[in-house]
Amino acid sequence: MKKRLLHIILLCSISLQGWSQNFDDMVACMSDKSLPLVNVEVDIDSVGFLYFMPGRFTLFEHKDGATTSQTYSCLVRQRGKTALFLQKWSFAIKLVDEVGEKLDANLLGLRTDNSWILDAMGIDKLRMRNRVCFDIWNEYSHTMWDTKFGNRNGTVGTMVEVFINGDYAGIYHLSDKINRQLLNLRKAKVNDDGSVTVKGVLYKGKGSGVSNALLDYEEDRTDTTKWNTFELQYPEDYPSLESWQPLMELIDFNGKTQLDYFTAHLYEWYYTDNLVDYFILLVALGIDDMPYKNTFLSTPDINFEHRYMITPWDMDACLGRNCNGNPQFYTSLLNRLNAFGPFNRIVAYNIDDFRYRVADRWDELKDSVFSPENIRSHITAIAQRFVDSGAWQREYDLWKDIAESVEEGEDYDERIIITEDINQEVEYVMNWYQRNYNSITSQINRWHKGYVDPFTISAATITQIYNYMLGTDLEYNEEQLDLNGDGIINSSDITYGYNVMLGIEQ
């Protein structure tokens, strides 16, 4: 007994300094500082992107002085796009019962479901960007209808250390998924004649292409779960024209309607509060890979209405780094969504007071949710857990050692490498965020009602006002031409515009 205890003490001492390859040894060393541990047992050489392979999922958590465990049969496959080409794989996990049927379970108090994600965060030098962004999003934005999950419109998750067949694989992010259950979308109905009535729909943007801007699309098959740059997440069992038609109609509304019709019917197609929140998320956190790649579009039941809600996804390209993990030195510009529907119109023409609403919402959030202090607190809380548990050192040692062991001429992706001191990346992020925060605050201030940006006024602006007063049928938003903000477009706006251009007015 004494020898066994001494063995455990020695192992724990070693594991705090570096990374251990043995899952059982790490479980024996768990303390209140430990991250939860996951072991996935699977024929790893057979695991790919297209098909799920049978395996076993074991989860250990140490809490309040005790270690508890959960073990399930599961199905495993690779997931992600960029992650497929990294040495550190991400995984989709589906829990199943003894006969292979779907099994819902509550993991770490996050949620009861059968479908889970182990995100490798391979390009993320901080190994937490996606989680931090979702936590921020969940603080201030919610679903536009009631759900069983507190109107949550994003994932929840926690950091874990993962083993594959008992061998250490590094820090991962265990999270739930955006799916029908979370968003409370109505189930499709199978009719007596075998036909299907589509109700709730959920589309996921998957790549770049014509349809990615939600303004146009190419002819494509409708009998598969892939259409143009989107994937049918629900009802995925019934890919058909009926399932894809609602998305086509949304794109047609964005890209093929006249401005007056678009303005009059915007509320029938979008939850504009959701659009405001999404816009702020992207510009505030500098999310580089959206829209509409890495974005969900959903509506609860197309038989009652077809207003769509946006849900973000896969936000690892943000906070000062791009989708390759490289530094993103530039800060956000408010015109970055000008090429995407419906923002190309609602921003340019201030439809539904969109610019004013963004300005008011930013004033509401900039000293709380998006304050630099709040962003730092989210990041440092996770960073401290990484350090205290020894996970960051193990992660660093693992990928550094693997990189150093690669022989000359063999491929190795340097994007996986992190700094030994996590505080270097924390400070890089916070320096970027402070610059971005200052920049977008200055930009958004110009969107307050009554503010006239002199850089937007030119001779062309004056011509537009003349044409408006003459009744010429041109596609201009009236509020855009009301330069002095008095609610009337007349010669006083022309005078005001000239004075701004001459520097007399500001």
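Let me start with a term: two strands pair if DSSP finds at least two bridges between them. Keep that in mind for the sheets. One caution as well. This is a predicted model.

First, the open sheet. It has five strands, in the order E13-E14-E12-E15-E16, and the pairing is antiparallel. Its edge strands are E13, residues 226-227, and E16, residues 309-312. Each of those two pairs on one side only.

Start at the E16 end. Strand E15 covers residues 295-299. Four bridges connect E15 with E16, in the antiparallel sense. One position to find on screen: Leu297 has Ile310 in E16 as its bridge partner.

Now move to E12, residues 201-205. E12 and E14 are joined by four bridges and run antiparallel. Here Tyr203 has Leu232, in E14, as its bridge partner.

How many residues of strand E14 are buried? Five of its five. So E14, residues 230-234, is mostly covered.

Then the other end. E13 and E14 pair over two bridges, again antiparallel. Lys226 stands opposite Glu231 in E14. These two strands form a hairpin, with two residues between them. Look at Asn228 in the turn: its phi is positive, about 50°.

A general point while we are on strands. In a regular strand, side chains alternate between the two faces of the sheet.

Next, the barrel. Seven strands make a closed barrel, running E1-E2-E3-E4-E7-E9-E8. The pairing there is mixed. On average, neighbouring strands of this sheet are turned by 40° against each other, ignoring direction.

Take one pair from the barrel. E7 and E9 run antiparallel, joined by three bridges. Ile117 sits opposite Ser175 in E9. Hold on to those two names. They come back in a moment.

Now, empty space. Rolling a probe the size of a water molecule over the atoms shows where empty space is left. How many cavities of 30 Å³ or more does the count give? One. The largest cavity holds about 70 Å³ of space.

What lines the largest cavity? Ile117 and Ser175 do, the facing pair from a moment ago. The lining also includes Arg79, Asp119, Asn130, Phe134, Thr155, His173, Trp313 and Asp314. By class, that lining has three nonpolar, four polar and three charged residues.

Which elements supply at least two residues each to that lining? Strand E7 at 115-119, helix H3 at 129-140, and strand E9 at 167-175.

A short stop at His173, one of the lining residues. The C-alpha atoms of His173 and Met128 are 7.6 Å apart in space. In sequence, these two residues are 45 apart. Met128 lies in the loop between E7 and H3. Is Met128 buried or exposed? Met128 has 0% relative accessibility, so it counts as buried.

Last topic: salt bridges. The count comes to 24. Let me pick out a few.

Arg111 and Asp176 form a salt bridge, with their closest N and O atoms 3.0 Å apart. Why does this pair tie together distant parts of the sequence? Arg111 is in the loop between strands E5 and E6, and Asp176 is in the loop between E9 and helix H4, so the bridge links parts 65 residues apart in sequence. Both Arg111 and Asp176 are buried.

Asp176 has a second bridge, to Arg152, also at 3.0 Å from N to O. Arg152 lies in the loop between H3 and strand E8, so this pair ties together parts 24 residues apart in sequence. Arg152 is buried too, as is Asp176.

Put these together. Arg111, Asp113, Arg152 and Asp176 are linked in a network of salt bridges.

One more bridge, in another setting. The side chains of Arg221 and Asp223 meet at 2.9 Å, N to O. Is Arg221 buried or exposed? Exposed, with a relative accessible area of 53%. Asp223 is at 46% relative accessibility, so it counts as partly exposed.

To recap. There is an open sheet of five strands. There is a closed barrel of seven. There is one cavity of 30 Å³ or more. And there is a salt-bridge network that includes Arg111 and Asp176. Thanks, everyone.

Methods:
Residues numbered from 1 in each chain as written. Predicted model: local features only at pLDDT ≥ 70, side-chain atom pairs only at ≥ 80, totals over all residues. Heavy atoms only, no water. 1 Å grid on protein atoms, 1.4 Å probe; cavity = no way out; pocket = protein on both sides within 12 Å on 5 of 7 lines; lining within 4 Å. Points joined across faces, edges and corners; volume = space filled by probe spheres on them. Nonpolar A, V, L, I, M, F, W, Y, C, P; charged D, E, K, R; others polar. Salt bridge = Lys/Arg side-chain N within 4 Å of Asp/Glu carboxyl O. Buried < 20%, exposed > 50% of the residue type's maximum accessible area, 1.4 Å probe, protein only. Axes fitted to C-alpha atoms, helices over the stretch in contact; angles between N-to-C directions.
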